[in-house]
Amino acid sequence: MTEKKTRTPEERACDPASVEAIRKAELDCVDLSFFRMDGQKSQCAFGTRGVCCRICHMGPCRITPKTPLGVCGADEDTIVARNFLREVAGGSAAHSDHGRHLVLLLRKIGEGRGGGYTLKDEKALRRIAKAYGIEEGDVPVPELAVKLAELFLGEFTSQEESLRTLKLAPLSRQGVWQKRDASPAGIDRMVVEALHRTHMGVDHDYRNILLHAFRLALADGWGGSRIASQVSDIIFGTPTPVKSTANLGILGARTVNVLVHGHEPALSEMLAAASSDPEVRAYAQAAGAEGITLAGICCTANEILMRHGIPIAGNFLQQELAIVTGAVEMMLIDVQCCMPGLPDVARSYHTEIVSTSAMAKTVGASETRFSTDRAYETAKGLLKRAVDNYGNRDPEKVAIPGYSKPLVAGFSVESIRYMLGGTYRASFRPLNDAIIQGRIRGIAGIVGCNNPKSKLDSYINTLTRELLRENVLVLKTGCAAIASAKEGNLTPEAAFELAGPGLREVCEAVGMPPVLHMGSCVDNSRLLEAATEVVREGGLGDDLSDVPVVGVAPEWMSEKAIAIGCYFVASGIDVVLGHPFYIEGSKNVTSFLNGGAKDVFGASFHVHQDPIEAAKAVLKLLDERREKLGINRKAERKLMDMKDRRELGV
Ligand code: SF4
Ligand code: MSK
């Protein structure tokens with residue numbers, strides 16, 4: 001176990017459930033990422049500044065004042081930019097490959113080879129097919145699914161044609177991309193090209209390298225991620241508002257607890273169905289349990305929460321803590337954000353860690369290959385195996401922190417449109433009007449992970465509270481959304497406590513929370529979709545760079561977050577980061593990403609390590625856009641009467 005512990009549990013996490021679980025881990029002598037972070041305290045300065053190059057075997061080369069060039073002559077600008085592009089490639093590949101797996105499932109279903117999977121949302125299929133120009137006519141549903149799947153697969157393999165999905169962006173934005181030569185071709189080609197460009201002796205111009213980082217990120221945000229969200233909606237259903245609960249307190253003291261963790265929704269959807277199978281429930285009761293509690297961690301949690309209201313056990317840094325409760329019979333892991341240290345934690349308890357993805361093995365985890373053909377049987381088998389493990393739970397080691405909060409999630413763009421306008425007038429008009437009138441100052445998309453470098457959820461929640469008070473509507477995804485859930489901010493009632501008067505009026509009129517949970521990290525594409533809807537609705541400019549909207553990644557840690565940040569900026573949306581990229585070894589790269597990008601895309605990155613400063617920066621960015629639009633006057637404060645409500649259109 002890592003020896004050095006420098007922070008108390010209260011300094012490591014804000015929510016009481018996590019604090020209790022960290023304290024228990026200390027008593028149980030269980031090593032956690034929190035403690036290993038302390039062990040890694042003096043992290044490599046060359047890596048942090050981005051000036052270590054190990055791209056060829058003349059190196060590794062490190063840039064210092066005494067050695068300003070690598071062996072090949074690469075300077076800090078080239079090295080930092082290449083490292084950055086490779087990170088964007090990693091993040092974009094992860095999101096997009098997730099999308100590809102879903103497209104392949106869509107095609108299988110269309111071809112009648114989908115096993116237990118069906119198309120839950122035919123309306124979404126028709127709507128999306130139409131958006132991509134597939135003339136549906138009388139085409140039967142399965143055929144349409146195959147056609148759309150083929151079109152999407154073409155988005156991965158297209159060699160020279162720009163992605164078709166770019167056409168879903170506002171026209172003016174498409175124009176920016178064309179003018180700047182930033183329109184990506186096929187997703188796969190963009191990733192391969194990133195690796196080629198950064199090979200020794202290829203692209204050495206930092207600006208050209210960074211331009212490809214943005215191009216590639218666009219292939220993720222408007223391509224791979226957007227496709228993933230769309231296909232998930234078609235297969236599993238477009239999310240609509242749903243109630244649930246979040247935090248470790250959702251684990252049952254007398255139920256068999258099964259956690260799904262990772263990102264891919266296909267197996268977890270089947271587990272959701274199988275967990276209420278009478279045969280499985282009877283099996284659990286026969287083992288002396290009151291039933292099965294299925295819950296999620298990280299983004300798989302967000303996927304099944306959004307569509308089934310299945311509770312959330314925790315976000316990224318709670319994956320180990322859930323096991324430390326001693327009450328988890330099985331944790332199923334697939335791809336992305338599943339720590340390799342999980343089996344080590346599980347060894348101190350009875351939890352079985354099961355890896356379900358052929359491409360994601362973890363030493364110490366057992367493996368159950370998940371095939372879509374036998375998905376339901378596999379899901380049932382896994383649940384029964386978890387029941388078999390229930391008897392191995394050691395009551396002496398069980399301590400479930402008694403904290404959880406209610407929440408409302410499931411805000412797809414479709415459901416927001418419906419919520420704002422109702423069945424017959426579904427539209428973003430009321431939102432645009434509220435922004436124009438100043439009741440809502442703007443929109444902040446707060447996204448991303450947790451990072452043990454900072455106190456769990458602290459930055460996310462401080463920033464969120466500050467922005468709500470200033471009448472900023474907050475849209476959230478990923479682990480940032482779970483942070484709000486744990487604080488109880490995803491309920492309509494939270495508006496009374498936290499929102500400024502204008503935002504409160506709107507939330508009250510619509511009956512919505514002031515923080516809208518829009519899904520997993522791949523669903524950040526839904527934020528682009530929402531901002532595009534605002535542009536289409538009119539009155540707030542012609543481009544995404546006009547709309548008072550800002551992205552924030554407070555406690556980010558993954559390469560995917562870097563890709564997300566880049567596709568936001570390349571889409572014209574400023575991004576505030578809670579801590580910087582590994583680029584500070586190059587003044588040129590830093591000044592381009594944190595400033596110069598604005599001349600190219602109309603937006604750039606801004607780093608603020610303090611959440612209060614970040615909130616001020618967000619408000620300044622929103623106000624600058626309001627000023628440009630000529631709507632930056634103070635809203636008149638008054639109680640709304642029926643006439644006002646009619647004007648609001650809700
Ligand atoms: Fe060193 Fe150049 Fe090789 Fe990088 S590519 S390791 S800077 S010689
Ligand atoms: S799971 S990428 S820690 S948001 Fe999507 Fe959470 Fe970040 Fe993973």
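Strand β3 (residues 242–246) runs antiparallel to strand β10 (residues 405–409), and the pairing spans 5 bridges. This is a predicted model, by the way. Within that pair, Thr245 has Pro406 of β10 as its bridge partner. The side chains of β3 alternate: Val242, Ser244 and Ala246 sit on one face and are buried, whereas Lys243 and Thr245 point to the other face and are not buried.

Now for strand β12 (residues 472–476), where 5 of 5 residues are buried. Val472, Val474 and Lys476 point one way, Leu473 and Leu475 point the other way, and all of them are buried. To get there from β11, the chain passes through helix α19 (residues 458–469), and this β-α-β crossover is right-handed. In the pairing with β11, Ile443 stands opposite Leu473. Over in β13, Leu516 is the bridge partner of Leu475.

Here are the strand pairings side by side:

| Strands | Sense | Bridges |
|---|---|---|
| β3 (242–246) and β10 (405–409) | antiparallel | 5 bridges |
| β11 (442–446) and β12 (472–476) | parallel | 5 bridges |
| β12 (472–476) and β13 (515–517) | parallel | 3 bridges |

What about ligand 1? Its surroundings include Cys53, Cys56, Cys61 and Cys72, along with Ile55, Met58, Gly59, Gly70, Val71, Ile79, Arg82 and Met200. By class, the shell splits into 9 nonpolar, 2 polar and 1 charged residues. Domain 1 (9–62) and domain 2 (76–236) both contribute residues to that shell, so ligand 1 lies between them.

Terms used:
Residues are numbered from 1 along each chain as its sequence is written. Chains are lettered from A and ligands numbered from 1 in the order in which they are written. This is a predicted model: local features need pLDDT of at least 70, side-chain atom pairs count only at pLDDT 80 or more; totals for chains, interfaces and linings use all residues. Side-chain values use heavy atoms; hydrogens and water are left out. Buried means under 20% relative accessible area, exposed over 50%, partly exposed in between (1.4 Å probe, protein chains only). Helices (H or I, at least four residues) and strands (E, at least two) are DSSP runs, numbered from the N terminus. Two strands pair if DSSP finds at least two bridges between them. A residue is near a molecule or strand if one of its heavy atoms lies within 4 Å of it. Ala, Val, Leu, Ile, Met, Phe, Trp, Tyr, Cys and Pro count as nonpolar, Asp, Glu, Lys and Arg as charged, and the others, Gly among them, as polar. Domain bounds come from an automatic or database domain assignment. A crossover is right-handed if, with the strands pointing away from the viewer, the path from the first strand over the helix to the second runs clockwise.
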